[in-house]
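Trainee: I have this model open and would like a close look at one part of it, the salt bridges. Could you walk me through them?

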Amino acid sequence: MEDLPPPLLLEILSRLGDSEDLSRCRVASKTLNSIAREIRSVNLQCSYVRYAKSRSPLTRSSITPFKEIFIKLISELEIVESVSMGVEKPLRFVAYDDMEDEEADLYLSDVNFSKEWLPKVCGGLKSISISDFWVQSCWRRSDVLSLISSHCLNLLELDVKNAWLSVDGLNPMPKLTSLTLEFIRLDDENLNKINESFPSLQDLNLIGVGGLKEPRIHLMHLKTCQWTVSNAPNSLAITAPNLVKLKLKCVKPNLLVIETPLLSDLHLSLETAGNFKVKVLHDLRKLHLESTDLRNLLDTFPLGKTVRNLTVVSTRWEMPVGVTKSTFELLLYVFPNVVSLTLTPGAWSEFESYPGQGGLESRLQMNGLKVITAYLTVNDIEMTISTIFSILENCTKLSDMALLIHRDVVSNVTSNLISRCIAHCSRVRWKWGMWKEGTKDAWISDGI
């Protein structure tokens, strides 16, 4: 291997995913040791096995502290462009009772630890990823954001997980284009400092960020956003004139405002919204709606004439009172130009149990529907078949119907359903599959 050209060796070493593997290569060869200094990234993750050995009285003395290994690795590199350090997923389930208050070797967002390495390599840094050890970091407030913003003027990507972050002293970072905060206690209750300090963000991911009261994302250059709200703030607002893709999951905000005129792909999951304000989305093409109160959500949703691909998830259903339209009809009334519709188990069961007074009537709104994917539980085969046949009769342009049947349905019922559907309508292409909670969907036929 040492006979290979140095640029090729460097490329091979650069592809190693873990810096510990790189260290083993350096020990094995003088040539590799020399070339490895040109690597421009550090990726060090603490495994559960390593953590367990560091805690055991029998092996503790033989385990080098994690922070010491990281400092050594990064000090041996000439230029550093990417830093990734953290704990592996199994460590996230370590109980607080197993810890001692003084322990801090895996408190990776510790600003004092960061001061040991960050100022030395900050000039070339483009990406930082820190996945902290929650049981050591959750009660320690970190000023690492301030330190990073003071030194890393060329940083493009920042990813911090499992930490308590202060925004005191946070300076503007106009070059940062991607920010991920996951399972973070953030001392910025309205996101004002995030908006001010990262004005050029194009990709923002806020996953389980706590400490928010009336958060508002107001970013002029944002293009993609994933926001999973862990608590129940009074209101949520997103103002992003260039946003094209949004995945938003929240509980019961009293006010939800979405001002994103260029949005084309929306994944919206919420229980209820007391006051739901969405301006007309002229470019919306793909929509995923998930709610425990689907019917009321549809009543407040602006007419979506541009939506072509629609997925509906109903997580709770009660028999509607005083309504005439089924959920299916209401969907196609609000989104009249849908071409592809996916009904998950709850949404299909809701439609099957309440097809509307007098059956399906909104034929004009169904002329564009060509593809349906549905997840069936088949509690009553006659009711299921009646619902399928009703759709076929009213959706005259339907060309493809993909039906996934729950794995617990007995085989003879499944066979009966499949054979009757195929015999009833030959103009559509049937696709059959099986589904079950917690497992991957499995297709058993394609294009019958």
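Mentor: Happy to; here is a tour of the charged pairs, one by one. Keep in mind that this is a predicted model. A search of the whole structure turns up 10 salt bridges, and three of the pairs make a good tour.

Let's begin with E103 and R55, whose closest N and O atoms sit 2.3 Å apart. E103 belongs to the loop between β2 (82-87) and α6 (111-121), while R55 is in helix α4 (residues 48-55), so this pair ties together parts that are 48 residues apart in sequence. R55 has 25% relative accessibility and therefore counts as partly exposed.

Next, look at R141 and D168, a salt bridge with 3.1 Å between the closest N and O atoms. Because R141 lies in strand β4 (residues 141-142) and D168 in the loop between β5 (157-165) and β6 (178-186), the pair connects parts that are 27 residues apart in sequence. Both ends are partly exposed: R141 has a relative accessible area of 39%, and D168 has one of 46%.

The side chains of R420 and E382 also meet in a salt bridge, at 3.0 Å from N to O. Here the link is between distant parts of the chain, with R420 in helix α14 (residues 411-424) and E382 in helix α13 (residues 381-394), 38 residues apart. R420 is partly exposed at 29% relative accessible area, and E382 is partly exposed at 44%.

One last thing to display: R141, D168 and D187 are joined into one network by salt bridges that share partners.

Definitions and conventions:
Residues numbered from 1 in each chain as written. Predicted model: local features only at pLDDT ≥ 70, side-chain atom pairs only at ≥ 80, totals over all residues. Heavy atoms only, no water. Salt bridge = Lys/Arg side-chain N within 4 Å of Asp/Glu carboxyl O. Helix = DSSP H or I, 4+ residues; strand = E, 2+ residues; numbered from the N terminus. Buried < 20%, exposed > 50% of the residue type's maximum accessible area, 1.4 Å probe, protein only.
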